[in-house]
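Open the model in your viewer and switch to a cartoon view. The stops below go from the whole chain to one helix.

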Amino acid sequence: MTFALNGPALWYATRATGLVTLLLLTASVLLGVTTAGRFASENWPRFLTVGLHRRISLLVLVFLALHIGTTVVDTYTSIPAAAAFLPFASSYKAPWLGLGAVAVDLLLAIMVTSLLRSRLGFRAWRRIHWLAYACWPVALAHGLGTGTDRKTIWVFAATLGCAAVIAVATTWRIVIAARTGAR
């Protein structure tokens with residue numbers, strides 16, 4: 001039995017891990033927004049939201065690593081590993097892959113500063129953590145531009161669902177902030 005570095009298995013793996021990463025990133029941003037908005041109820045304590053946000057964010061990184069790994073290993077498109085981190089370094093669908101690299105860089109900045117939160121201080125950490133609001137739409141645009149499944153009904157519906165969830169959560173957060181007089 002041989003393992004080919006191209007073909008449908010890696011292509012399916014890249015597509016699946018990309019979509020799962022988007023779904024998990026959406027859940028992470030949603031939980032981050034609800035954490036920042038101090039959402040809590042008798043049935044849903046705040047520590048649950050914070051814990052889920054952290055764990056789902058770790059899953060985002062795992063699936064993102066798998067997504068990048070399967071893309072780089074697949075010899076069909078010849079995308080170098082550097083293209084995952086250096087925006088617009090690949091000739092393959094350069095604008096869209098470049099947006100993916102920007103999203104990866106933003107996500108890595110969020111991750112590193114979260115690990116160093118106690119050394120940075122809350123105010124500095126929070127300012128950098130706002131990059132999540134930029135990372136999510138950039139990642140979404142990357143998926144829409146590069147994704148080969150964007151025209152299938154269920155992927156398009158999932159993408160629209162993700163956009164709707166983030167739009168509603170962000171609107172809720174802005175309204176809450178305006179009511180409480182927060183910045």
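How many helices and how many strands does the protein have? Colour by secondary structure: there are seven helices and zero strands. Keep in mind that this is a predicted model. Trace the chain from its start, and the pattern reads α-α-α-α-α-α-α.

**Whole protein**

Select every C-alpha atom. They fill a box of roughly 60 × 40 × 35 Å along the principal axes. The radius of gyration is 18 Å, which agrees with the value near 16 Å for a compact globule of 183 residues. Now look at contacts with a separation of 6 or more: 64% of them join residues 24 or more positions apart.

**Surface and charge**

Turn on the surface. About 11100 Å² is exposed, and carbon and sulfur atoms supply 72% of that. Of the 183 residues, 34% count as buried. Next, select the charged side chains. You should find 16 positive and 4 negative ones, with the centres of the two sets 15 Å apart.

**Helix H3**

Select residues 94–115, which form helix H3. Its 22 residues reach 31 Å from first C-alpha to last, close to the 32 Å expected at 1.5 Å a residue.

Which residues of H3 are buried? Show Leu97, Gly98, Gly100, Ala101 and Ala103. Then add Val104, Leu106, Leu107, Ile110 and Thr113. An α-helix has 3.6 residues a turn, so residues three or four places apart point the same way.

What covers the buried residues of H3? Show helices H1 (8–36) and H2 (46–73), which are part of the cover. Then add H4 (117–120), H5 (122–129) and H6 (132–146), also included in it.

Notes: Residues numbered from 1 in each chain as written. Predicted model: local features only at pLDDT ≥ 70, side-chain atom pairs only at ≥ 80, totals over all residues. Heavy atoms only, no water. Helix = DSSP H or I, 4+ residues; strand = E, 2+ residues; numbered from the N terminus. Rg over C-alpha atoms; globule rule 2.2 N^0.38 Å. Buried < 20%, exposed > 50% of the residue type's maximum accessible area, 1.4 Å probe, protein only. Contact = heavy atoms within 4.5 Å. Areas by Shrake-Rupley, 256 points an atom, 1.4 Å probe, with all protein chains shown as cover. Lys, Arg positive; Asp, Glu negative; His and termini not counted. Charge placed at Lys NZ, Arg CZ, Asp CG, Glu CD. Expected span 1.5 Å × (residues − 1).
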